[in-house]
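Reader: I would like to go through this model element by element. Please keep the answers short and end each one on what was asked.

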Amino acid sequence: MSGGGPPRKRNFKIEAFKHRVELDPKYAERTWKVLEHAIHEIYNHNASGLSFEELYRSAYNMVLHKYGEKLYDGLQSTMTWRLKEISKSIEAAQGGLFLEELNAKWMDHNKALQMIRDILMYMDRTYVPTSHRTPVHELGLNLWRDHIIHSPMIHDRLLDTLLDLIHRERMGEVINRGLMRSITKMLMDLGPAVYQDDFEKPFLEVSASFYSGESQEFIECCDCGNYLKKAERRLNEEMERVSHYLDAGSEAKITSVVEKEMIANHMHRLVHMENSGLVNMLIDDKYEDLGRMYSLFRRVPDGLSTLRDVMTSYLRETGKQLVTDPERLKDPVEFVQRLLNEKDKHDKIISVAFGNDKTFQNALNSSFEYFINLNNRSPEFISLYVDDKLRKGLKGATEEDVEVILDKVMMLFRYLQEKDVFEKYYKQHLAKRLLSGKTVSDDAERSMIVKLKTECGYQFTSKLEGMFTDMKTSQDTMQDFYAKKSEELGDGPTLDVHILTTGSWPTQPSPPCNLPPEILTVCEKFRAYYLGTHSGRRLTWQTNMGTADIKATFGKGQKHELNVSTYQMCVLMLFNSADGLTYKEIEQATEIPASDLKRCLQSLACVKGKNVLRKEPMSKDISEDDTFYFNDKFTSKLVKVKIGTVVAQKESEPEKQETRQRVEEDRKPQIEAAIVRIMKSRRVLDHNSIVAEVTKQLQARFLPNPVVIKKRIESLIEREFLERDKVDRKLYRYLA
């Protein structure tokens with residue numbers, strides 16, 4: 001190895017062959033003939049004798065030697081020729097064999113295509129992409145489409161056969177679903193456009209025509225419930241058909257056709273169908289039919305809104321009749337019970353049939369709110385219903401039952417626009433229950449007040465809670481009174497006083513009546529004790545609200561204990577010193593107001609089984625010329641006899657007017673307070689905005705009348721809380 005410089009570079013050179021490689025001029029033709037023969041053999045089911053390796057190599061070499069085009073064109077023309085031959089045998093197939101022949105040939109073509117693609121794989125991978133030709137498999141499908149499916153002798157026949165089979169299946173025949181599935185899959189394999197244009201579009205048109213005719217036929221002969229069953233069955237059949245042998249994409253399209261033809265086009269006629277439409281279903285609690293109607297109508301545009309509108313107008317109409325029918329207004333408890341029954345009935349329908357749809361629940365609520373407020377006695381009647389339940393209606397009921405009933409009442413209460421009117425009546429009824437000791441359960445009473453408090457806030461129930469506090473305080477006071485004064489009182493009458501805070505109780509100033517001397521003595525002792533214990537207080541006896549137990553001896557020494565009102569006691573005690581008294585004499589001696597006295601005497605002398613007095617002349621009504629006598633002959637199986645006062649459960653017209661007037665008076669300061677609150681924060685506001693804001697603030701208690709709001713604004717301007725704008729008279733300014 002010689003030392004010194006770097007090694008020398010060697011230059012490599014590739015030289016051409018010394019001799020030219022001559023290709024056999026007939027090579028391409030000969031090789032193609034071999035491949036063409038192989039293709040025919042494959043179609044003739046003789047592929048087992050072929051060497052696929054040699055065929056692959058031959059095709060490979062042709063492409064390698066730039067004969068790709070010859071190979072591709074040869075394949076195309078050979079397959080075209082074969083398919084034309086195949087189309088003749090399919091066309092020749094008779095009747096029901098037509099689809100089977102088509103399907104068999106399609107299977108053969110697919111297998112052949114698979115083998116041909118394997119042989120020509122090299123061409124498919126190299127020549128086809130570079131020459132922008134269609135891949136072999138796709139070419140085979142396109143040729144099948146053009147020469148078989150679009151063949152004039154096959155195209156219409158294929159469509160007619162498919163549509164006829166579907167029609168026969170709709171009419172109840174059993175068809176070969178597997179074969180149908182193969183044919184529709186073939187159409188899909190040829191491309192979605194083939195399936196849609198050559199089958200799906202005509203299929204949907206024919207279906208629309210079929211269902212249009214069938215729906216017309218059904219609607220003429222079926223009631224609404226049966227029609228909906230048929231529509232539902234047809235819809236399910238079409239969905240099942242899609243799952244068995246149509247493309248999944250057809251489901252939405254065909255169901256849309258059925259929905260349009262069988263439901264949307266007949267929607268109004270179905271809903272209003274005589275004797276079987278929506279209203280009849282609601283009346284007869286047809287949960288299954290209603291559920292079916294709901295699920296079908298929700299599939300079509302405006303379906304549910306149509307149902308909702310019809311239901312709402314039905315509810316409003318029947319509700320209006322319910323609350324304005326004079327016959328039904330005679331019994332308030334029955335009136336409210338009927339409302340609750342209606343609500344329960346429709347709640348169940350919405351829950352069971354309408355899937356608790358909130359929009360239907362809202363429609364139900366708005367309907368109830370509409371018609372309950374058509375009757376301005378609804379607040380009074382709802383309070384009377386609670387009164388009835390808390391007096392006697394809940395005896396023996398479990399705590400859960402009580403809660404359910406009270407919750408239902410609260411639901412009706414929420415619909416009231418005049419909640420303050422309800423409060424007025426509720427206070428009166430609660431007072432009577434507490435003072436007469438007639439409440440079924442203190443827990444139920446308190447539960448109701450908690451519910452009202454949750455709904456309307458503390459202000460709404462503060463006075464009601466004050467009434468309970470007074471009852472407890474009175475109990476403690478009486479215990480203390482008897483503990484300290486028992487010796488002083490001796491054997492005199494026993495007194496049980498309820499001390500009521502003015503303002504908490506619905507007491508009206510009533511003129512005091514003349515109490516019997518025995519009672520008056522004890523009352524004075526209690527007054528002295530109470531005022532001695534509490535300085536700076538005033539006591540006023542509410543004789544119109546009290547009760548008494550008195551012992552009476554009748555003819556033959558028969559003894560009874562009579563439970564009476566304070567007024568009745570005052571009247572009866574007069575008969576200890578007189579056998580007979582005229583109406584005038586009784587009025588003079590007791591000074592009981594005339595209306596109360598007449599009711600009191602009526603209950604003592606005119607009620608069968610309770611007539612401890614008798615009157616002359618005998619009649620149902622009391623007149624000022626009547627004379628009353630102690631009834632010696634009075635008998636009763638009971639030792640304790642309760643003599644109620646003849647009193648209307650509902651308010652009389654004058655009493656109603658008076659309550660209404662008191663409610664209106666109570667509203668004035670609330671409206672003024674709302675106006676001042678709003679103006680204080682906004683400083684300047686126009687008239688309409690004030691009315692809107694005041695209504696919004698007060699609607700939880702009542703709906704203020706815009707005319708009343710205007711009067712309250714005028715009053716506030718007079719008292720210099722507000723002033724009108726100098727330029728724009730509709731604007732008001734707050735004066736600090």
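Reader: Which residues of helix 20 are buried?

Author: This is a predicted model. Helix 20 covers residues 399-415, and a residue counts as buried under 20% relative accessible area. The buried residues of helix 20 are Val402, Leu406, Val409, Met410, Met411, Leu412, Phe413 and Tyr415.

Reader: What distance separates the end C-alpha atoms of helix 20, and what span should its 17 residues have?

Author: The expected span is 1.5 Å times one less than the number of residues. For the 17 residues of helix 20 that gives 24 Å, and this agrees with the distance between the end C-alpha atoms, which is 25 Å.

Reader: Is Arg170 buried or exposed?

Author: Arg170 is placed in helix 8, residues 152-170. Leaving out residues up to four places away in sequence, Arg170 touches Phe203, Ser207, Phe210, Tyr211, Arg234, Glu238, Arg241 and Ile254. The relative accessibility of Arg170 is 6%, so Arg170 counts as buried.

Reader: At what angle do the axes of helix 25 and helix 26 cross?

Author: Two packed helices are described by the angle and the distance between their axes. Helix 25 spans residues 566-574 and helix 26 spans residues 583-590, and their axes come within 10 Å. The crossing is right-handed, and its angle is roughly 115°.

Reader: How do the residues in the contact of helix 25 with helix 26 divide into nonpolar, polar and charged?

Author: Helix 25 contributes Cys570, Val571 and Leu574, while helix 26 contributes Ile586, Ala589 and Thr590. Sorted by type, the residues of this contact are five nonpolar, one polar and no charged.

Reader: Which residues make up the uncovered face of strand 4?

Author: In a regular strand the side chains alternate between the two faces of the sheet. Strand 4, residues 613-616, has Leu613 and Lys615 on its covered face. Strand 4 pairs with strand 5, residues 627-630, in the antiparallel sense over four bridges, and Arg614 stands opposite Tyr629 in strand 5. The uncovered face of strand 4 consists of Arg614 and Glu616.

Reader: Which strands stand at the edges of the sheet with the order 7-9-8?

Author: This open sheet has three strands, and the pairing is antiparallel. Strand 9 pairs over three bridges with strand 7 and over three bridges with strand 8. Each edge strand has a single partner, so one of its sides is left without a neighbour in the sheet; the edge strands are strand 7 (684-686) and strand 8 (722-724).

Reader: Which residue of strand 9 is the bridge partner of Leu685, and which is the bridge partner of Arg724?

Author: Strand 8 and strand 9 form a hairpin with six residues between them, and in this pair Leu722 stands opposite Tyr734. In strand 9, Tyr732 and Tyr734 point to one face and are buried, while Leu731 and Arg733 point to the other and are not. The bridge partner of Leu685 is Tyr732, and that of Arg724 is also Tyr732.

Reader: Where does helix 30 lie, and at what angle to strand 8 does it run?

Author: The sheet has an average twist of 30° from one strand to the next. Helix 29 (residues 687-698) packs on the sheet, where it touches strand 7 and strand 9 and makes about 95° with the direction of strand 7. Helix 30 (residues 706-718) lies across strand 8 and strand 9, and its angle to strand 8 is about 100°.

Conventions: Residues are numbered from 1 along each chain as its sequence is written. This is a predicted model: local features need pLDDT of at least 70, side-chain atom pairs count only at pLDDT 80 or more; totals for chains, interfaces and linings use all residues. Side-chain values use heavy atoms; hydrogens and water are left out. Axes are lines fitted to C-alpha atoms, for helices over the stretch in contact, and angles run from 0 to 180 degrees between N-to-C directions. Helices (H or I, at least four residues) and strands (E, at least two) are DSSP runs, numbered from the N terminus. A crossing is left-handed if the near helix is turned anticlockwise from the far one by less than a right angle, and right-handed if clockwise. Contact means heavy atoms within 4.5 Å. Ala, Val, Leu, Ile, Met, Phe, Trp, Tyr, Cys and Pro count as nonpolar, Asp, Glu, Lys and Arg as charged, and the others, Gly among them, as polar. Buried means under 20% relative accessible area, exposed over 50%, partly exposed in between (1.4 Å probe, protein chains only). Two strands pair if DSSP finds at least two bridges between them.
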